[in-house]
Amino acid sequence: MNKQILENIMTDYNNKRLRAARSCDVRKQKLYEQFPDLVETDTQIQLLNVKLSKLFLLKPDNLNEQVLNLKKEIEELKNKRKDIYKKNSIPLNYLEIQYECNKCNDTGYLSDGKKCSCLNRQIINNLYTMSNMVHMLDKENFNTFDITVFSNEVYKNEKLTPRQNMYYILEISEDFCSNFHDTNMNLLLYGSAGLGKTFMCNCIANALINREISVLYQTAFSLFEIIENHKFNKQNESEENRINYDMIFECDLLIIDDLGTEVGNSFTNAELFNIINERLITNKKIIISTNLSLEQMRDTYSDRITSRVFNGFVPLKFYGKDLRYKN
Ligand SMILES: [Zn+2]
């Protein structure tokens with residue numbers, strides 16, 4: 001089944017282009033029925049264009065003169081066509097094919113061969129559908145976020161109550177979403193388990209996906225599993241794994257949940273640095289969530305990583321009583 005992810009997506013793109021071309025044909029037919037003058041001008045323009053290309057093949061002595069004359073004639077006809085459009089309030093691009101995505105004309109790829117953002121979104125949507133992510137995002141989003149579950153009593157020696165703190169985190173998170181394309185903010189969500197970090201990640205993911213931004217969510221454990229499979233098991237790598245691997249670097253936002261639960265070694269350390277570095281350089285955003293404290297992060301990861309994270313990320317500390325046992 002996995003082998004067909006990209007194939008199915010590409011078939012969708014083909015169908016989209018066919019549909020766009022077909023509906024353009026239908027518009028043309030209707031327009032011609034209504035305005036026979038247009039048929040006349042369009043046919044003439046076509047004939048003159050054929051004549052023009054023939055001239056370049058034949059290369060007669062007075063080539064330049066003839067070309068100029070023909071171009072003038074074509075221009076006049078085009079103006080005549082424009083007038084008909086204007087007089088009847090027809091949009092000038094009415095007979096252009098209208099693609100869903102203007103960046104790639106529904107091919108999925110840009111002129112430089114890179115994947116279009118719409119293709120990345122399609123791919124990730126497919127990955128989400130295959131995982132349980134879709135149902136999760138339905139349940140956990142800014143609309144279902146309930147601030148009242150956080151206590152409004154002073155907690156240890158924190159200045160803000162957990163609820164006040166959560167208002168602050170909520171504000172930063174919503175800000176991160178609404179200014180996604182203009183900010184160079186990355187987020188580090190840290191604090192003990194059961195305080196709503198994953199919930200907040202899902203809220204952000206959901207808000208951005210609804211705005212057609214590609215978001216890849218992975219736990220640190222599965223992230224490194226994907227990388228390991230890609231690097232050490234190339235022969236048997238599944239398509240799903242390869243696509244996931246590419247998306248780690250290409251998606252608009254990468255969410256690494258539960259950093260610190262992976263089996264840490266020099267390999268995972270180097271790969272983590274590579275991901276953070278690559279994405280910061282290409283101005284692609286990252287959210288890291290971890291149960292580790294800032295001190296524990298310093299102890300667990302190399303200086304290269306921690307200095308990258310502490311410089312490029314806004315730290316958001318989650319604290320309070322574990323919410324998981326409340327209900
Ligand atoms: Zn596109």
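Q: Which residues touch the most other members of the largest nonpolar core?
A: In this predicted model, the largest nonpolar core holds 51 residues. Its largest share, eight residues, comes from helix α7 (residues 197-209). Those that touch the most other members are Leu 189, Ile 204, Leu 208, Val 215, Leu 216 and Ile 255.

Q: Which residues does Val 215 touch, not counting residues up to four places away in sequence?
A: Val 215 is one of the residues that touch the most other members of the largest nonpolar core. With residues up to four places away in sequence left out, the residues that Val 215 touches are Ile 124, Ala 205, Leu 208, Ile 209, Cys 251, Asp 252, Leu 253 and Ile 255.

Q: What arc around the axis do the buried residues of α8 cover?
A: Helix α8 comprises residues 220-232, and its end C-alpha atoms are 18 Å apart, in agreement with the 18 Å that its 13 residues should span at 1.5 Å a residue. Its buried residues are Ala 220, Leu 223, Phe 224, Ile 226 and Ile 227. An α-helix has 3.6 residues a turn, so residues three or four places apart point the same way. The buried residues of α8 lie on the same side of the helix, because the arc they cover around the axis is only 150°.

Q: Which elements are included in what covers the buried residues of α8?
A: The buried residues of α8 are put on the same side of the helix by the arc they cover. The elements that cover them include two strands and two helices named here by their residues: β2 (215-219), α9 (239-250), β3 (253-259) and α10 (266-281).

Q: Against which elements do the buried residues of α6 pack?
A: The 17 residues of helix α6 (residues 162-178) should span 24 Å at 1.5 Å a residue, which agrees with the 24 Å between its end C-alpha atoms. Pro 162, Asn 165, Met 166, Ile 169, Ser 173, Phe 176 and Cys 177 are buried in α6, and an arc of only 110° around the axis puts them on the same side of the helix. The elements against which they pack are β1 (186-190), α7 and β5 (313-317).

Q: Which residues of β1 are buried on each of its two faces?
A: Five of the five residues of β1 are buried, so the strand is largely enclosed by the rest of the structure. In a regular strand the side chains alternate between the two faces of the sheet. Both faces of β1 are covered, and the buried residues are Asn 186, Leu 188 and Tyr 190 on one side, with Leu 187 and Leu 189 on the other.

Q: Which residue of β4 stands opposite Tyr 190?
A: Strand β1 pairs with β5 in the parallel sense over five bridges, and there the bridge partner of Asn 186 is Phe 313. Four bridges also join β1 to strand β4 (residues 285-290), and these two strands run parallel. In β4, the residue opposite Tyr 190 is Thr 290.

Q: What radius of gyration does the protein have?
A: Along its principal axes the C-alpha trace spans about 90 × 45 × 40 Å, and 24% of the 327 residues count as buried. A compact globule of 327 residues would have a radius of gyration near 20 Å, but the value for the protein is 28 Å.

Key: Residues are numbered from 1 along each chain as its sequence is written. This is a predicted model: local features need pLDDT of at least 70, side-chain atom pairs count only at pLDDT 80 or more; totals for chains, interfaces and linings use all residues. The radius of gyration is taken over C-alpha atoms; the globule rule is 2.2 Å times the number of residues to the power 0.38. A residue is buried if 20 or more other C-beta atoms lie within 10 Å of its own, exposed if 12 or fewer, and partly exposed in between; C-beta atoms are placed from the backbone. A nonpolar core is a set of buried Ala, Val, Leu, Ile, Met, Phe, Trp, Tyr and Cys residues joined through C-beta atoms within 7 Å. Two residues are in contact if their C-beta atoms, placed from the backbone, lie within 7 Å. The expected span of a helix is 1.5 Å times one less than its number of residues. The arc is that of the directions from the helix axis to the C-beta atoms. Two strands pair if DSSP finds at least two bridges between them.
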